[in-house]
Amino acid sequence: MKFSLYNKKNQLDEMQEQTMLSIEARGFWLLWAGLLLAILVQIILGTPNSQWVGEFVVFMAGCIYTMIECIRNGLWDRHISANTTTNVVGALSACVVVTVVIGLAYGSWLIALIPGVITGVLCFVLLQVCMHAAEKRRKELDNPKDEE
């Protein structure tokens, strides 16, 4: 008899599967927010880069993976609509957060405004590109071309 702790067969019914997906999603976002908060606090406190760069790499790996998979599947968000207004709000939020974090870390708000504005512009451009890529992929998935 073969004993294995991991079974490839799904042990959950549909309701349990949905509950598990919900728990996993909440866990992911809790970890995401906690990692982001830890990184921002360390930057504000002036911790040397070598002490938080590992967390930053893990954080960015999770963000990039999530972005690529959402675009590949033609998904944007469950609650937020994909449009330019939403992207402007997101970019302005990123601009404000970066400006405040750098301003608190270095004590110079004028110098903090430069990377804040650059972050806002880059964030808006990237959101627009991702939005169009997700919409294009969604159309491809909804209307597959007949292959001959």
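# Exercises: rings, a pocket and salt bridges

Arg-72 is partly exposed, with a relative accessible area of 47%. Keep that residue in mind for the first exercise, and remember that you're looking at a predicted model.

## Exercise 1: a salt bridge in helix α2

Find out how the side chains of Glu-69 and Arg-72 meet, and work out how far apart the two residues sit along helix α2.

*Step 1.* Start with the side chains. Glu-69 and Arg-72 meet in a salt bridge, with 2.8 Å from N to O. The cut-off for a salt bridge is 4 Å, so this pair passes.

*Step 2.* Now look at the helix. Glu-69 and Arg-72 are three residues apart in helix α2, so about one helical turn separates them.

*Step 3.* Check the surroundings. Glu-69 has 23% relative accessibility, so it's partly exposed. Arg-72, at 47%, is partly exposed too.

## Exercise 2: salt bridges in helix α4

How many salt bridges does the count come to? Which residues of helix α4 meet in them?

*Step 1.* Get the total: the count is three salt bridges. You've already met Glu-69 with Arg-72.

*Step 2.* Take Arg-137 and Glu-140, whose side chains form a salt bridge at 3.3 Å, N to O. These two residues both lie in helix α4, three residues apart, or about one turn of the helix.

*Step 3.* Take Asp-142 and Arg-138, which form a salt bridge at 3.2 Å, N to O. Asp-142 and Arg-138 are four residues apart in helix α4, which again puts about one helical turn between them.

*Step 4.* Sort these residues by accessibility. Arg-137 is partly exposed at 29%, and Glu-140 is partly exposed at 39%. Asp-142 is partly exposed at 49%, and Arg-138 is partly exposed at 31%.

## Exercise 3: following the rings

Start at Trp-29 and trace the aromatic pairs through Trp-32 to Phe-59, naming the geometry of each pair.

*Step 1.* Get the total first: there are four aromatic pairs. One of them joins Trp-29 and Trp-32, with ring centres 5.5 Å apart and 70° between the planes. Planes over 60 degrees apart count as edge-to-face, so that's the name for this pair.

*Step 2.* Place the two residues. Trp-29 and Trp-32 are three residues apart in helix α1 (residues 14–44), so they're about one helical turn from each other. Trp-29 is partly exposed, with a relative accessible area of 48%, and Trp-32 is partly exposed at 28%.

*Step 3.* Move on from Trp-32 to Phe-59. Their ring centres are 5.3 Å apart and their planes are at 35°, so this pair is tilted.

*Step 4.* Ask what this second pair connects. Trp-32 lies in helix α1 and Phe-59 in helix α2 (residues 49–72), so the pair ties together parts that are 27 residues apart in sequence. Phe-59 is buried, with a relative accessible area of 9%.

*Step 5.* Put the chain of rings together. Ring pairs link Phe-28, Trp-29, Trp-32 and Phe-59 into a cluster.

## Exercise 4: the largest pocket

Describe the largest pocket: its volume, the residues closest to its centre, and the class of its lining.

*Step 1.* The volume comes to about 2100 Å³.

*Step 2.* The pocket is lined by 42 residues, and the closest to its centre are Trp-29, Trp-32, Cys-63, Met-67 and Leu-127. Trp-29 and Trp-32 should ring a bell, as they belong to the ring cluster.

*Step 3.* Which elements give two or more residues to the lining? They are α1, α2, α3 (84–106) and α4 (109–142).

*Step 4.* Split the lining by class, and you get 33 nonpolar, six polar and three charged residues.

## Exercise 5: Asn-87 and Ala-112

Are Asn-87 and Ala-112 buried or exposed? What does each one touch?

*Step 1.* Asn-87 sits in helix α3. Buried means under 20%, so Asn-87, at 1% relative accessibility, is buried.

*Step 2.* Leave out neighbours within four places in sequence, and Asn-87 is in contact with Trp-76, Phe-124, Leu-127, Gln-128 and Met-131. Leu-127 is also among the residues closest to the centre of the largest pocket.

*Step 3.* Ala-112 sits in helix α4, and with a relative accessible area of 0% it is buried.

*Step 4.* Not counting residues up to four places away in sequence, Ala-112 touches Thr-99, Ile-102 and Gly-103.

*Step 5.* Finish with a distance. Ala-112 and Leu-37 are 75 residues apart along the chain, and their C-alpha atoms are separated by 19 Å.

Note on methods:
Residues are numbered from 1 along each chain as its sequence is written. This is a predicted model: local features need pLDDT of at least 70, side-chain atom pairs count only at pLDDT 80 or more; totals for chains, interfaces and linings use all residues. Side-chain values use heavy atoms; hydrogens and water are left out. Rings of Phe, Tyr and Trp (its six-membered ring) pair if their centres lie within 6.5 Å; planes under 30 degrees apart count as stacked, over 60 as edge-to-face and the rest as tilted. Buried means under 20% relative accessible area, exposed over 50%, partly exposed in between (1.4 Å probe, protein chains only). On a 1 Å grid over the protein atoms alone, a cavity is a set of points where a 1.4 Å probe fits but cannot get out, and a pocket is an open set with protein on both sides within 12 Å along at least five of seven lines; lining residues have an atom within 4 Å of a point. Grid points are joined across faces, edges and corners, and a volume is the space filled by probe spheres set on the points. Ala, Val, Leu, Ile, Met, Phe, Trp, Tyr, Cys and Pro count as nonpolar, Asp, Glu, Lys and Arg as charged, and the others, Gly among them, as polar. Contact means heavy atoms within 4.5 Å.
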